Amino acid sequence: MTIHRMPPIVATLEPSNHPYLNGAWTPLHEEVDADELQVIEGAIPSDIDGVYLRNTENQIHQPLGRFHPFDGDGMIHQIAFQNGKASYRNRFLRTRCFEAEQEARGSLWGGLADPVALAKRPGFCAHGSLKDSSSTDVVVHAGLGLSTFYQCGEGYRFDPLTLDTIGPAPWVPIDGISAHPKVDEATGELLFFNYSKQAPYLHFGIVGADDKLKSYRPVPVPGPRLPHDMAFTEHYAIINDMPMFWDEELLKRDIHAVRMHDGLPSRFALVPRDGGEIRWFEAAPTYVLHWLNAYEDGDEVILDGYFQEQPMPPPRTDAPKGFGSMMAYLDEHSFRSRLHRWRFNLVDGTTREERLDEAIMEFGMINGRFGGRPYRYGYSTVSEPGWFLFTGFVKNDLVTGERWTYDLGPGRYGSEAPFAPRIGGTAEDDGYLVSFVTDENTGTSECVVLDAARIQDGPVCRIALPHKICSGTHAYWAGRAQLARGA
Ligand SMILES: [Fe+2]
């Protein structure tokens, strides 16, 4: 392995006892390129070709107030596979806020848990006082990487091979784009939404395969809302209006306090992708962070996602003093997310719901070729009770109800494991799952590659990374064809 280190960035973060600034969540400030990665176990498959990209929150500067892990600065990690070899690199996104804080040599904005008055500069995003850290998700569209921020940031583009930041995508509207735009591999389109504190509060847009904004339309809702993710089918985008959002009275005093609004249902907008009339459906109240997939089935639109049984969990009593509430909101076992199916009947306007698995899980991936189309397999993560740390994966067969799991082992924490299709493969699960693992036992990190058809067998290979990386979440697989601009 050869490692090339970049010049150091300015970092001012000081040691603390914060549970999300230590252990597997210790921020990484080093940026490197590494070739000819060392294989720890097995052999790198020669039948995958592309890059695994992961966005990660890595706090650089000493926080002005109470740090929340979603405040961390966006860093993209990449492992590239070709001809049975693998290389790695990582870079901070050079956002406006990153550059401003490098110049100021310290934090200029408070975070999610802080009062707005803490910000030393005008803020960004739907919240209005935050730093746009561009640290939530990452996709590849029109041959370029796109990093996003959950509070509706500018959407930063980067070269998916070199990880050099290019800048905000030119088509991003004034209200930004939310964390989870969707790439429809069948059409090459990018579907996105945003939310804001100004009426009509929600918008949906489509960027064509040619990288041009194709449509942008309001999806009016009664007030400011906080949807995190969207889904799509061949003909519809599905935008949600869940009953958990900012308290409107407190918002008038610029206090951003999220609560469940009793008596309100969950609402779903089916927005025709070709511009037709929006149809709304209602369902049992809940909050959903992430959807797995959606598709059309005769008179019904099927939506699969992770239903939270307790969206407002009580503070964790086992958390370090002062962190009980924050840690509960980051813990799947506290908000109890379970794989769930909503069926929207286009004929009579009703919704039917059913649970697909009783286990606690979230952060699901599918074979991207089946996005928005009938599909069979979902690959979710399971987590350590009390913590935002992924301990393994579960594969659900949504046709037979069968399930398989793989546990990473004690002290080993993974990230979302997107599906990398095998070259020449045609079956839905003919490919691999790729994840980064941070190992607290050894203080190292590695990449694990699982056979998607048999995840229970464990990794087909484990590849050493050149440094220990911070635990992270959202990831994306881009095959070589997707990496060609305009593909
Ligand atoms: Fe997310």
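This is a guided tour of the structure, stop by stop.

**Before you start**

The model is predicted: local features need pLDDT of at least 70, side-chain atom pairs count only at pLDDT 80 or more, and totals for chains, interfaces and linings use all residues. Residue numbers start from 1 along each chain as its sequence is written.

**Whole chain**

Show everything as a cartoon. The chain has 5 helices and 34 strands. These elements are DSSP runs, numbered from the N terminus: helices are H or I with at least four residues, strands are E with at least two. The radius of gyration is 21 Å, close to the 23 Å that the globule rule gives for 487 residues, so the chain is as compact as a globular protein of that length. The radius is taken over C-alpha atoms, and the rule is 2.2 Å times the number of residues to the power 0.38. Along the principal axes, the C-alpha atoms fill a box of roughly 60 × 55 × 45 Å.

Of the 487 residues, 51% count as buried. Buried means 20 or more other C-beta atoms within 10 Å of the residue's own; exposed means 12 or fewer; partly exposed is in between; C-beta atoms are placed from the backbone. Contacts are pairs whose C-beta atoms, placed from the backbone, lie within 7 Å. Among contacts in the chain with a separation of 6 or more, 58% are between residues 24 or more positions apart.

**Stop 1: Glu36**

Select Glu36, in the loop between β2 (32-35) and β3 (39-42). Glu36 is not a glycine, yet its phi is positive, about 50 degrees. Glu36 is exposed, with 9 other C-beta atoms within 10 Å.

**Stop 2: helix α1**

Select residues 96-104. In α1, Cys97, Phe98 and Glu101 are buried. Seen down the axis, the buried residues fall within an arc of 105 degrees, so they line one face of the helix. That arc is of the directions from the helix axis to the C-beta atoms. Add β5 (73-82) and β6 (85-92): the buried residues of α1 pack against them. Turn to the other side of α1, where Glu99 and Glu103 are exposed. Arg105 follows the helix with a positive phi near 55 degrees.

**Stop 3: the β7-β8 hairpin**

Select β7 (residues 137-141). Of its 5 residues, 5 are buried, so the strand is largely enclosed by the rest of the structure. Asp137, Val139 and His141 point one way, Val138 and Val140 the other. Now add β8 (residues 144-148), which pairs with β7 in the antiparallel sense over 5 bridges. Pairing requires at least two DSSP bridges between two strands. Asp137 faces Thr148 in β8. The two strands form a hairpin with 2 residues between them, and Ala142 in the turn has a positive phi of about 50 degrees.

**Stop 4: sheet β11 to β14**

Next comes an open sheet of 4 strands, in the order β11-β12-β13-β14, with antiparallel pairing. The edges are β11 (182-184) and β14 (213-218), each with a single partner strand, so one side of each is left without a neighbour in the sheet. From one strand to the next, the twist averages 20 degrees. For this angle, axes are lines fitted to C-alpha atoms (for helices, over the stretch in contact), and angles run from 0 to 180 degrees between N-to-C directions.

Zoom to β12 (residues 189-195) and β13 (residues 202-207), joined by 6 bridges. Phe192 is opposite Gly205 in β13. In the loop between these strands, find Pro200. The Ala199 to Pro200 peptide bond is cis, with omega near 5 degrees.

**Stop 5: sheet β15-β16-β19-β20**

Here 4 strands form an open sheet, with antiparallel pairing. Its edge strands are β15 (231-232) and β20 (279-283). β15 joins β16 (residues 236-241) through 2 bridges. Pick Ala231: its bridge partner in β16 is Ile238.

**Stop 6: the core and Ile455**

Ile238 also appears in the largest nonpolar core, which has 128 residues. Such a core is a set of buried Ala, Val, Leu, Ile, Met, Phe, Trp, Tyr and Cys residues joined through C-beta atoms within 7 Å. Leu433 is among those with the most contacts inside it. Leaving aside neighbours within four places in sequence, the contacts of Leu433 include Tyr379, Phe393 and Ile455.

Finish on Ile455, in the loop between β32 (444-451) and β33 (459-464). Ile455 is buried, with 21 other C-beta atoms within 10 Å. Measure from Ile455 to Tyr406: 6.0 Å, C-alpha to C-alpha, though they are 49 residues apart in sequence.

Terms used: Two residues are in contact if their C-beta atoms, placed from the backbone, lie within 7 Å.
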